[in-house]
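Thanks for making time this morning. I would like to walk through one model with you, going from helices to the contact between chains and then to some backbone details.

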Amino acid sequence: MTMAQEVRASDEKKLRKREWSNFLTGILFLLPSLLLFGVFLFYPMVRTVYLSLFLTSSQGVPIVFVGWDNFFALFQSTSFQLSAKATALFVLYTVPASVLLATALAVLANQKLKGIGLFRTMFSATMGMSVAASSVIWMFLFNPSIGLFNRILAALNIPGIQWLLDPQYALLSVSIATIWMNTGFAFLILLGGLQNIDSSLYESAKIAGVSDACQLRKITLPMLSPTLFFVTTVTLINAFQTFGQIDLLTKGGPMESTNVIVYSIYKDAFINYNVGSASAQAVLLFAAVLIVTVIQFKIGERKVHYQ
Amino acid sequence: MSTGKRILLYITLTVSGLVMVFPILYAFLISFMQGGELLQGSFWPESFSLVNYAAAFERVPLLMYLWNSLLVSVLIMAGQLILCSLAAFAFVFIEFRGREWIFYLFISTMMIPWEATMVPNFQTVQSLGWLNSYAGLSIPFFAMAFGTFLLRQQFKTIPKELYEASQIAGISKLRFFTGVVLPVAKTTMTTLAIYSFLTAWNMYLWPLLVTNNEANRTVQIGLKQMQTQEIASDWGVVMAGVMIVILPTLILLFAGQKRLQEGLTQGALK
């Protein structure tokens, strides 16, 4: 071996050693997260898919492999059809309304005015509210005899409504409460998005004599689109994951009209002890969220204006 | 802006602000009312006595629940800060083969709805003997992709040359991490801490699943317990409970609102 070769070999060895040590430390820094993701996210996801293909004992132990039978049974059960319908309607009722309301509030609060901080605080307040606390408050507002809504109706001489007990109104009532709960978070993010818009754009528009409405349409909304896109995705996924307000306000009733997917999974797994069916529903929930995410990404890539 | 427009704006802001906070404000007022006042439909309590608050602490072991919630939230907050900052450090400063692959693995965790995994998770926690324990309530939530990305964004602003120089000077990676990176990222860490605490304090489904005795129950489940026990009779007491539960998070939100808004927007969009 020549001198040069020897040097190169030892250099290579050193490099290898450094690469190896980098790999080890890198993994070491990531290990705690990887371990927990593995145990509490990836493993249970795989396990859920596995369980969805089995008939299970009441303890959730798989007994007989049944292939897609759990899924076929779901598609044929009226209960699941109702749950799917409730989930879809819930998404439809809450997502557009939450995003619209939060956007309106954010545009409103994005003014340079004295005391604007107070209004921003008011608009974002629901972000600090837990789903349990909010639900208890709304339960009172919906109370048929002493709640606010029926009092207003009574004052207008309109007969009261059984907000949470009437299958016609229950899902709508829960949705109204949910829209309120969603607003704080969506508002806060959208306000951040608005404040990130380059103010010189507005100054030029002002000089050019562009009207306020036109500024909103031509500058604010296009520049806000990445944030709007993010908020919509998050709200949509949250809607699919709704549980607390259902558990506290309606327990999935009346007549399963508010039995959204996560509540249905919870009931099947922890009350009816039908883990196989619950897992099949969980797989469908996963698929729905995945599809939504992918579609939103595809649309987002094309339509959303990024700076 | 013309005066007329300004007045109109203030009116709109006030009206929408009042509508938004009305449920909270109303609950606050109810928390001072007795049964009779509620039946009459009054909006203002006759007196601001703390009877209902005292009753709330008596009817359910609220103090214990508050303590449990505090402990679990602090544990989750600390766990997330440590794990996220460690992971973010590796993603920014330590180059090694396969890092990109692991990064995509982190991204993919955001596509799995946590609720879809709750059945096996419950079984895991049960078999670990973690039901009704602080470990079972907190450890499953320590790893968080969003927090990791948020901190990664912040760590990226630290010049790479600084890291390389420290490596040549023979300073260990851990020293560089604790001595340079963490102090620089203090603001973002605080943002993440506020966000973690808020989310942990408000958690509902998981505590409902893994606790069934009073010793480990969190305050959110305590609310459910109050609501189902006293529903018809004592709304004043229930609302007092609600006020006690939301006070810590509302204070935290108002104190950290600006920071939270900046941090979340940053984490969301980059």
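Let me begin with a helix in chain A, α7(A), which bends by about 35° at A:T183. This is a predicted model, so please hear everything that follows as a description of predicted coordinates. Helix α7 covers residues 170-195 of chain A, which makes 26 residues, and from its first C-alpha to its last it reaches 38 Å, close to the 38 Å expected at 1.5 Å a residue. As for its surroundings, 22 of the 26 residues of α7(A) are buried, so the helix is largely enclosed by the rest of the structure.

Now set beside that helix α9 of chain A, residues 212-240, which has 29 residues but whose end C-alpha atoms are only 36 Å apart, short of the 42 Å that a straight helix would reach at 1.5 Å a residue. Where does α9(A) bend? The bend, of about 55°, is at A:S225, and a proline, A:P226, follows within four residues. The buried residues of α9(A) include A:T220 and A:L224, and also A:T227, A:L228, A:F229, A:F230 and A:V231. Towards the end of the helix, A:T235, A:L236, A:A239 and A:F240 are buried as well.

Next, the annotation for chain A. An unreviewed UniProt entry places the feature "domain: ABC transmembrane type-1" at residues 84-296 of chain A. In the model, residues 84-296 of chain A are 73% helix and 0% strand, with the end C-alpha atoms 21 Å apart. For "transmembrane region", the UniProt record, again an unreviewed entry, lists several spans of chain A, among them residues 20-43 and residues 278-297. Residues 20-43 of chain A are 100% helix and 0% strand in the model, and their end C-alpha atoms are 28 Å apart. Residues 278-297 of chain A are likewise 100% helix and 0% strand, and here the end C-alpha atoms lie 29 Å apart.

Let me turn to the two chains together. The predictor gives the complex an ipTM of 0.91 and a pTM of 0.90, and chain B averages a pLDDT of 90, with 97% of the residues scoring at least 70. How many residues does each chain bring to the contact? There are 69 from chain B and 74 from chain A. On the side of chain B that touches chain A, helix α14, residues 235-269 of chain B, gives the most, with 18 residues. By class, that side of chain B has 45 nonpolar, 17 polar and 7 charged residues.

Some backbone details deserve a look, and I will start with the general expectation. Most residues other than glycine have a negative phi, and most peptide bonds are trans. In chain A, however, the peptide bond from A:G253 to A:P254 is cis, with omega near -15°. A:P254 has its place in the loop between α10 (244-249) and α11 (261-270) of chain A. A:E256 is found in the loop between α10 and α11 of chain A too, and A:E256 has a positive phi of about 60° although it is not a glycine. Is A:E256 buried or exposed? A:E256 counts as buried, because it has 20 C-beta neighbours inside 10 Å. In chain B, B:N132 has a positive phi of about 55°, and it is not a glycine either. B:N132 is found in the loop between α6 (118-127) and α7 (134-138) of chain B, and with 16 other C-beta atoms within 10 Å it is partly exposed.

I will finish with some individual positions in chain A. A:T56 lies in strand β1, residues 54-56 of chain A, and counts as buried because it has 23 C-beta neighbours inside 10 Å. Leaving aside residues up to four places away in sequence, A:T56 touches A:L51, A:V61, A:P62, A:I63, A:V275 and A:G276. The C-alpha atoms of A:T56 and A:G209, by contrast, are separated by 69 Å, with these positions 153 residues apart along the chain. A:F72, in helix α2 (residues 69-76) of chain A, counts as exposed, since it has 12 C-beta neighbours inside 10 Å. A:A84, found in helix α3 (residues 78-109) of chain A, is partly exposed, with 19 other C-beta atoms within 10 Å.

Terms used
Residues are numbered from 1 along each chain as its sequence is written. Chains are lettered from A and ligands numbered from 1 in the order in which they are written. This is a predicted model: local features need pLDDT of at least 70, side-chain atom pairs count only at pLDDT 80 or more; totals for chains, interfaces and linings use all residues. Helices (H or I, at least four residues) and strands (E, at least two) are DSSP runs, numbered from the N terminus. The expected span of a helix is 1.5 Å times one less than its number of residues. The bend at a residue is the angle between axes fitted to the seven residues ending there and the seven starting there. pLDDT is the predictor's confidence in each residue, from 0 to 100. UniProt positions are given in the numbering used here, feature names are shortened, and annotations may be inferred rather than shown by experiment. Two residues are in contact if their C-beta atoms, placed from the backbone, lie within 7 Å. Ala, Val, Leu, Ile, Met, Phe, Trp, Tyr, Cys and Pro count as nonpolar, Asp, Glu, Lys and Arg as charged, and the others, Gly among them, as polar.
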